[in-house]
Amino acid sequence: PFPPRSPYSDAAIAHWPNAYFLRHSVWTYGQWPLWNPQRMLGQPFAANPLSKVWYPPQWLVLILPPTVHLHVLIVLHLAWLALGMAAWARAERLHPLAGTFAALAWGLNPKLIGHLGAGHLDMVYALAWTPWLLWAARRLRDAPSLERGAWLGVVGALLTLADLRVAFYMLPVGAVYGLVSPQATVTPEKGRGWRPWLMALASLVLLTAVQTIPLAALSPYLTRSLITAQEAAVFSLPPRYLAGLLFANAGGLQEWMTHLGLPVLGLALIAHRRQSGVIMWWIVAALALLWALGSNGPIFLFMVERLPLAGWFRVPSRAWFVVALSLIILSAYGLDRLCLLYTSPSPRDS
């Protein structure tokens with residue numbers, strides 16, 4: 001994957017070398033690579049989240065050559081994304097057609113494809129786990145148990161180990177979906193109160209500690225610790241690019257890709273107000289949009305100046321992934337409503 005008219009790609013200059021170095025270190029020296037001596041005077045390797053040393057699917061490179069490995073991971077993650085959206089739709093008891101539409105809309109939305117074309121493979125990997133995060137949160141919400149809480153933590157950990165930047169946006173979305181939704185069922189009688197949710201949090205923290213603890217230890221030496229709020233706001237979404245909701249910007253910069261397709265917008269607008277969390281998803285989309293505007297909006301600079309750690313997650317326009325996910329979920333609700341209206345109308349549609 002290469003961007004249009006670009007002489008380089010993150011897939012070529014980052015992901016391929018990282019995969020090769022992991023394979024070479026294990027098979028040549030019998031060592032798990034914690035340090036990379038081949039860059040400058042040496043740099044931490046496993047502590048860098050972009051190396052994905054602790055992301056289990058990355059270990060497939062120990063079997064496959066790096067180029068084949070990257071191709072296989074792209075295909076497998078896109079298939080996993082589609083299955084996850086279908087599983088979420090089934091947990092939501094949506095019509096199968098609505099689940100199929102959601103899978104296509106999320107897996108083929110232009111921003112995701114744009115980042116894939118730019119070689120941002122780790123972001124695609126993490127986005128493939130997003131519907132599974134919602135699926136696990138929905139299952140835990142419907143029937144809380146310690147086992148389901150642990151599974152939610154496992155899914156959240158895999159998403160985090162795939163890409164910490166995507167996790168910065170999607171983990172809060174999963175928490176809101178599980179805990180704030182009108183149908184949340186966290187009660188002492190059903191699921192022993194907060195214990196399943198604490199189990200999810202504990203599982204997430206413990207399973208990602210192998211990545212987060214070394215990263216925290218190295219944080220004083222990272223250039224990102226010196227980044228200013230204005231520098232973190234690079235590629236803030238210009239308001240004029242909101243026109244992309246209606247008009248596709250084919251071949252445009254992936255960071256400013258806002259097109260979702262007119263069917264997604266149209267179906268989102270008819271999502272039934274009585275369906276689970278419709279208002280919640282509109283609020284999530286609105287907040288994510290304001291964040292994506294970065295220095296052009298009221299939220300990003302205000303938060304980064306008060307919480308410098310948020311500046312590590314630069315390029316605020318990537319919050320558009322949350323906008324896209326929210327509108328696609330709303331469009332699935334809208335299509336489910338149409339399917340019910342034209343097949344077997346029920347009192348909830350009256």
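**Note on aromatic contacts, the largest pocket and salt bridges**

1. Arg141 lies over the face of the Tyr177 ring, at a distance of 4.9 Å from the ring centre. The model is a predicted one, and every value in this note is computed from it. A second contact of this kind involves Lys111, whose charged end sits over the ring of Phe321, 5.1 Å from the ring centre.

2. Tyr177 also takes part in a ring pair. The centres of the Tyr177 and Trp281 rings are 5.7 Å apart and their planes meet at 40°, so the pair counts as tilted; an angle under 30 degrees would make a pair stacked, and one over 60 edge-to-face. Tyr177 belongs to helix H7 (residues 164-179) and Trp281 to helix H11 (residues 278-292), so that the pair links distant parts of the chain, 104 residues apart. Both Tyr177 and Trp281 are buried.

3. Across the whole structure, the search finds 16 aromatic pairs. In one of them, Phe21 and Phe45 have ring centres 4.9 Å apart and planes at 70°, which makes the pair edge-to-face. Phe21 is in helix H1 (residues 10-29), while Phe45 is in the loop between strand E2 (43-44) and helix H2 (66-91); the pair therefore ties together parts that are 24 residues apart in sequence. Phe21 counts as buried at 7% relative accessibility, and Phe45 is buried with a relative accessible area of 2%.

4. Some aromatic residues form a group rather than a pair. Phe168, Tyr169, Trp291, Phe300 and Phe313 make up one aromatic cluster.

5. The largest pocket holds about 1600 Å³ of space. Its lining consists of 46 residues, and those that lie nearest its centre are Asn48, Pro49, Leu50, Arg165 and Arg224. H1, E2, H7 and helix H8 (195-218) are the elements that give two or more residues to this lining. H7 supplies the largest share, six residues. By class, 26 of the lining residues are nonpolar, twelve are polar and eight are charged.

6. Arg165, one of the residues nearest the centre of the largest pocket, forms salt bridges with two aspartates. With Asp122, the closest N and O atoms are 3.3 Å apart. Arg165 lies in helix H7 and Asp122 in helix H5 (residues 121-142), so this salt bridge ties together parts that are 43 residues apart in sequence. Arg165 counts as buried at 19% relative accessibility, because the limit for buried is under 20%. Asp122 is buried with a relative accessible area of 3%. With Asp163, the closest N and O atoms of the salt bridge are 2.6 Å apart, and Asp163 is buried, as is Arg165.

7. The count of salt bridges comes to seven. Another of them joins Arg318 to Glu255, with the closest N and O atoms 2.8 Å apart. Here the two residues sit in loops: Arg318 between helix H12 (300-306) and helix H13 (320-342), and Glu255 between helix H9 (229-232) and helix H10 (262-269). The pair links distant parts of the chain, 63 residues apart. Arg318 and Glu255 are both buried.

8. Salt bridges also occur as a network. Glu92, Arg93, Arg138 and Asp142 are linked in this way.

Terms used. Residues numbered from 1 in each chain as written. Predicted model: local features only at pLDDT ≥ 70, side-chain atom pairs only at ≥ 80, totals over all residues. Heavy atoms only, no water. Phe/Tyr/Trp six-rings, centres within 6.5 Å; stacked < 30°, edge-to-face > 60°. Helix = DSSP H or I, 4+ residues; strand = E, 2+ residues; numbered from the N terminus. Buried < 20%, exposed > 50% of the residue type's maximum accessible area, 1.4 Å probe, protein only. Lys NZ or Arg CZ within 6 Å of the ring centre and 35° of its normal. 1 Å grid on protein atoms, 1.4 Å probe; cavity = no way out; pocket = protein on both sides within 12 Å on 5 of 7 lines; lining within 4 Å. Points joined across faces, edges and corners; volume = space filled by probe spheres on them. Nonpolar A, V, L, I, M, F, W, Y, C, P; charged D, E, K, R; others polar. Salt bridge = Lys/Arg side-chain N within 4 Å of Asp/Glu carboxyl O.
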